[in-house]
Amino acid sequence: MDIGQKTIYVKPGMGPGTELTFPGEGNIRANSAPSTLVIQFKQTPHDKFKRFGDNLILEHQISLMDALNAGPLSFQTLEGERIELSIDSVITPDTFQVIAGKGMPKLNNDPLGPIKRDFGKGNLILKFDVQFPTDLNESKKNQLTELLDEIAEENAIMV
């Protein structure tokens, strides 16, 4: 019995939940018509990026010192492009930055779309994972607490 081969073209933007069906190209049994071949896309987790629709989320680790100094940041996209950002404010665990057009391709069902590379892209969402010190002696804890109390008082007066 000849086992046929099928070439499947995956278009940019196809992702989890995408299903391709090919009637009459599935299993062949004696005395019956060939079944339908069904291809279902699953997503394999990435160690750095999480997909959310057409957007990608990158959790970027940053030290507390770098978060307070808010200097330039550098990171790599999924495609390997190096991006540098300058953030002009203190970075908190709730801070995120959206980089437009650096996410996953959006599905374009135009038959010539893949050839023309004519597809939009989602966003890359940079979420910050601020790394706090895990080991402070009593003296340093007291100094830091006093400084944070002063800052809190100054901010309360400014409001």
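How much area does the chain expose, and what share of it do carbon and sulfur atoms supply? In this predicted model, the exposed area comes to about 12,100 Å², of which 52% is supplied by carbon and sulfur atoms.

## Overall dimensions and burial

The C-alpha trace of the chain spans about 85 × 35 × 30 Å along its principal axes, and the radius of gyration is 25 Å, whereas a compact globule of 159 residues would have a value near 15 Å. Buried residues account for 21% of the 159 residues in the chain, where buried stands for a relative accessible area under 20%.

When contacts with a separation of 6 or more are considered, 50% of those in the chain are made by residues 24 or more positions apart.

## Secondary structure

The chain contains three helices and eight strands, and, read from the N terminus, these elements follow the order β-β-β-β-α-β-β-β-α-β-α. Among the strands are β1 (19-22) and β2 (37-40), as well as β5 (72-76), β6 (82-86) and β8 (124-131), and β7 covers 96-99. Of the helices, α2 covers 113-116 and α3 comprises residues 138-158.

One loop residue deserves separate mention for its backbone: N31, in the loop between β1 and β2, has a phi near 60°, which is a positive value in a residue other than glycine. With a relative accessibility of 86%, N31 counts as exposed.

## Charge distribution

The chain carries 16 positive and 22 negative side chains, and the centres of these two sets are 13 Å apart. Side chains of opposite charge can pair when their charged atoms come close. A search of the whole structure finds four salt bridges, among them the pairs described below.

## Salt bridges between loops

Which side chain meets that of E79 in a salt bridge? The partner is K121, with an N to O distance of 2.9 Å. Because E79 lies in the loop between β5 and β6 while K121 lies in the loop between α2 and β8, the pair ties together parts that are 42 residues apart in sequence. E79 counts as exposed, at 63% relative accessibility, whereas K121, at 26%, counts as partly exposed.

A further salt bridge joins E81 to K102, and their closest N and O atoms are 2.7 Å apart. E81 also belongs to the loop between β5 and β6, and K102 to the loop between β7 and α2, so this pair ties together parts that are 21 residues apart in sequence. E81 has a relative accessible area of 34% and is partly exposed; K102, at 27% relative accessibility, likewise counts as partly exposed.

## A salt bridge within helix α3

In helix α3, the side chains of K141 and E138 meet in a salt bridge with an N to O distance of 3.9 Å, which falls within the 4 Å cut-off used for such pairs. How far apart along the helix are K141 and E138? Because K141 and E138 are three residues apart in helix α3, about one helical turn separates them. K141 is partly exposed, with a relative accessible area of 37%, whereas E138, with 53%, is exposed.

Terms used. Residues are numbered from 1 along each chain as its sequence is written. This is a predicted model: local features need pLDDT of at least 70, side-chain atom pairs count only at pLDDT 80 or more; totals for chains, interfaces and linings use all residues. Side-chain values use heavy atoms; hydrogens and water are left out. Helices (H or I, at least four residues) and strands (E, at least two) are DSSP runs, numbered from the N terminus. The radius of gyration is taken over C-alpha atoms; the globule rule is 2.2 Å times the number of residues to the power 0.38. Buried means under 20% relative accessible area, exposed over 50%, partly exposed in between (1.4 Å probe, protein chains only). Contact means heavy atoms within 4.5 Å. Accessible areas come from the Shrake-Rupley method with a 1.4 Å probe; for residues, only the protein chains shown count as cover. Lys and Arg count as positive and Asp and Glu as negative; His and the chain ends are not counted. The place of a charge is taken as NZ of Lys, CZ of Arg, CG of Asp or CD of Glu.
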